[in-house]
Amino acid sequence: MRKALVLSLSFFACLSLATDWIIGGGMVFLGLKGWNLSTGLIDSTYSIELGLDFDVGRTIEGTATNLYNLELIGKVPLYRMYDVTFGPAVALMYGNFPSGASTDTSWKLNFSAGVFAEFELGNLLLSFGFLYPFGSDFDFMKAVYSSAKFFVNPPNRSFTDKLFLGLDLLNGRIRLMIGLIEPF
C-alpha cells in the first residue's frame, strides 16, 4: 500500500509541474522488432517518457507468447552552457522480448543510469547520453543513448502544438516515430 501511495504521489507531482504532454507512435528495430506507443511529460526542469513496445502474434519457436516491453527514460537538465544542456538520466526496460537468437520469453528488468547532453539546432532537437547498466552485463550498444527529433512547422503558420518526426536509440533498440507535443 505504501509503494502505491508513493508512486501515485510522485505521478501527480510530475503531472502538476509539467507544461507539455508528448504522445507518439512508430516502429522499433534492432534488438526488438515491432510497434511502439509512447507518452510522457515534458518541462524545462525534467522530462519523462514512457513507451510500450509490442509484437502481438509473433511466435518464438513453439511458444505463442505475445511480446511486450515497457520502457521509461527520465532526464533532468541541471546545467546549461550556451545552447547545450547537461544532466543525469535514467532508463528502465521491463519486458519479455528475447535477446539475440534466444527463445527465452521470461520477463526481464534492465536499469541504467548516466548522463546526457541535449541541444537544439533550428527545428532539430538532438540528445546524446551514456547510461551504464546496473544488474546486467555491460554492452556498449545498450549503454549509448541518442535521440533526434525534427519538428515540422508549416511555413507562415503559428501552432502551439509541435508535430515531430523522431529517431532514437535506447538500450539496444532503434525507434522511428511520429509524435505530437501538446502544451497543457
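User: A charge sits over a ring if NZ of Lys or CZ of Arg is within 6 Å of the ring centre and within 35 degrees of the ring normal. Which ring does the charged end of lysine 162 sit over?

Analyst: This is a predicted model, in which local features need pLDDT (the predictor's confidence in each residue, from 0 to 100) of at least 70, side-chain atom pairs count only at pLDDT 80 or more, and totals for chains, interfaces and linings use all residues. Residues are numbered from 1 along each chain as its sequence is written, and side-chain values use heavy atoms, without hydrogens and water. At 5.8 Å from the ring centre, the charged end of lysine 162 sits over phenylalanine 151.

User: What is the angle between the planes of tyrosine 94 and tryptophan 107?

Analyst: Rings of Phe, Tyr and Trp (its six-membered ring) pair if their centres lie within 6.5 Å; planes under 30 degrees apart are stacked, over 60 edge-to-face, the rest tilted. The whole structure has seven aromatic pairs. In one of them, tyrosine 94 and tryptophan 107 lie 5.2 Å apart centre to centre and are tilted, with the planes at 35°.

User: How many residues apart in sequence are the parts that this pair ties together?

Analyst: Strands (E, at least two residues) are DSSP runs, numbered from the N terminus. Tyrosine 94 is in strand 6 (residues 84-95) and tryptophan 107 is in the loop between strand 6 and strand 7 (108-121), so the parts tied together are apart in sequence by 13 residues.

User: What share of the residues score a pLDDT of at least 70?

Analyst: The chain averages a pLDDT of 83. Where pLDDT is low, the predicted coordinates should not be read in detail. The share of residues scoring at least 70 is 80%.

Definitions and conventions. Helices (H or I, at least four residues) and strands (E, at least two) are DSSP runs, numbered from the N terminus.
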